Amino acid sequence: MHFQLTEEHLAVQEAAREFAQTELLPGVIERDSEAKFPKEQVKKMGELGFMGMMVEPEYNGGGMDTISYVLAMEELSKIDASASVCMSVNNSLVCWGLEKYGSEAQKEKYLKKLATGEVLGAFCLSEPEAGSDATSQRTEAQLNGDHYILNGTKNWITNGSSASIYLVIAQTDASKGHKGISVFIVEKGWDGFIVGKKEDKLGIRGSDTHSLMFTDVKVPVENRIGEEGFGFTFAMETLNGGRIGIAAQALGIAAGAYEFALAYSKERKAFGKPISQHQAIQFKLADMATTIEAARLLVYKAAWLKDQGEDYSHASAMAKLYASQVAMDVTIEAVQVHGGYGYVKEYHVERLMRDAKITQIYEGTSEIQKIVISRGILR
């Protein structure tokens, strides 16, 4: 067992940390307050290679491993989870699925632009009545000659308005249940495709989350990924990797809150000495550091298994379940360490606390992760 990062890993980590401090930290509070999408920051993330880290170089990607990806996700998420979720969706849900299952023509046309961040991607699975129960797709795609007619509504879509390429899961044969679900590549601007209202959210407020409406949208047959009926498998396989990205985001949110709390505890004085010298605060910091390290090991293990070509579905579910709980626990304690200052925006930790909650919900709720884990245990 080896717990050391390689020189390449350390270089990625340092580059992400520097970018977070110099590019994401300035203005992050204002972007959160105004629910402003970090357009310029995301553009720079693409230029630095963060938007297609695991894509092979032949498709303009970085050709990096999953460990590198989670290291970058952790560092960016310490400062701005709204920016890091754009990176997570583009890498884990869109680029990965296209590269693994897309045709050569689809990779040439779409993946190359997605990998450089020239365009952003979105993953469209959730619906008003199909969240955790992903089999209950109401969006339909009916074959009509050389194209499909797509109708339906998707909601909670990250990168909803900022994306140009959308992977849409739709029912092509309702009589077959989940085996009748397919996946399509849809472009923004096609007739009948409307981006709905932006959600006013508790956390990750800079991320643009929208509903999408499709009314008689013509989708060429060549934009279907895989065969008809492959959509559910595509979604589940893609989400297995997506969970690693969100687990890394949760880890970063927790680690960021801890770092803010640790620094503050050394500066703030009470009863004549820094509060870090009071045992009550020391024990909080000890608990925070320990749970963060445990979450980090789970996240790294899931990423390592993926890089080894092993089954990582069980490990990724464990990593997301635990890291998201740690994100909630640590951010709440970070606010407590800050006292009254933790309750105001200037000190960052209240924002991180709000950001943490979504990691227990999207890309599979904590309850769904427990189902995945228990099935793995009982298999």
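A crossing of two helices is called left-handed if the near helix is turned anticlockwise from the far one by less than a right angle, and right-handed if it is turned clockwise. With that in mind, open the model, which is a predicted one, and begin with a pair of helices that can be judged by eye.

**First stop: helices 9 and 10**

Select residues 313-338, which form helix 9, together with residues 349-358, which form helix 10; the two pack at an angle of about 160°, and their axes lie 9 Å apart. Since angles over 145 degrees count as roughly antiparallel, helix 9 and helix 10 are therefore described as roughly antiparallel to each other. Turn the view until one helix lies in front of the other, and the crossing of helix 9 and helix 10 can be followed as a left-handed one. To see what fills the contact, show the side chains of Ala327, Met328, Thr331, Ile332, Ala334, Val335 and His338 in helix 9, which meet Val349, Glu350, Leu352, Met353, Ala356 and Lys357 in helix 10. Sorted by class, the contact of helix 9 with helix 10 comprises nine nonpolar, two polar and two charged residues.

**Second stop: Arg354**

Stay in helix 10 and select Arg354, which is found in that helix. Is Arg354 buried or exposed? Arg354 counts as buried, at 13% relative accessibility. Apart from residues up to four places away in sequence, Arg354 touches Asp32, Leu202, Gly203, Arg205 and Lys345. If you add Ser33 to the selection, you will find its C-alpha atom separated by 12 Å from that of Arg354, although the two residues are 321 residues apart along the chain.

**Third stop: helices 1 and 4**

Now select residues 7-24 and residues 66-77, helix 1 and helix 4, which pack at an angle of about 25° with their axes 8 Å apart. Because angles under 35 degrees count as roughly parallel, helix 1 and helix 4 are therefore roughly parallel to each other. Here helix 1 passes helix 4 in a right-handed crossing. From helix 1 the contact draws on His9, Val12, Gln13, Ala16, Arg17, Phe19, Ala20 and Leu24, and from helix 4 on Ile67, Ser68, Leu71, Ala72, Glu75 and Leu76. By class, the contact of helix 1 with helix 4 has nine nonpolar, three polar and two charged residues.

**Fourth stop: the nonpolar core**

Next, display Met45, Met87, Leu150, Tyr166, Val186 and Val299, which touch the most other members among the 111 residues of the largest nonpolar core. Helix 7, residues 231-267, gives the most to this core, contributing 17 residues. Centre the view on Val299, which, leaving out residues up to four places away in sequence, touches Val70, Ile244, Ala247, Ala248, Leu251, Ala319 and Ala323.

**Fifth stop: strand 7 and a loop**

Move to residues 209-220, strand 7, and select Ser211, which lies within that strand. Ser211 is buried, with a relative accessible area of 14%, and beyond its neighbours within four places in sequence it is in contact with Lys154, Asn155, Ile194, Val195, Gly196, Lys197 and Glu199. Asp216 is also found in strand 7, where it counts as partly exposed at 49% relative accessibility.

Most residues other than glycine have a negative phi. Asp216, however, has a positive phi of about 50° although it is not a glycine. Finish at Phe271, whose phi is near 55°, likewise a positive value in a residue other than glycine. Phe271 is found in the loop between strand 8 (269-270) and strand 9 (273-274), and it is exposed, with a relative accessible area of 81%.

Technical notes:
Residues are numbered from 1 along each chain as its sequence is written. This is a predicted model: local features need pLDDT of at least 70, side-chain atom pairs count only at pLDDT 80 or more; totals for chains, interfaces and linings use all residues. Side-chain values use heavy atoms; hydrogens and water are left out. Axes are lines fitted to C-alpha atoms, for helices over the stretch in contact, and angles run from 0 to 180 degrees between N-to-C directions. Helices (H or I, at least four residues) and strands (E, at least two) are DSSP runs, numbered from the N terminus. Angles under 35 degrees count as roughly parallel, over 145 as roughly antiparallel, 65 to 115 as roughly perpendicular and the rest as oblique. Contact means heavy atoms within 4.5 Å. Ala, Val, Leu, Ile, Met, Phe, Trp, Tyr, Cys and Pro count as nonpolar, Asp, Glu, Lys and Arg as charged, and the others, Gly among them, as polar. A nonpolar core is a set of buried Ala, Val, Leu, Ile, Met, Phe, Trp, Tyr and Cys residues joined through side-chain atoms within 4.5 Å. Buried means under 20% relative accessible area, exposed over 50%, partly exposed in between (1.4 Å probe, protein chains only).
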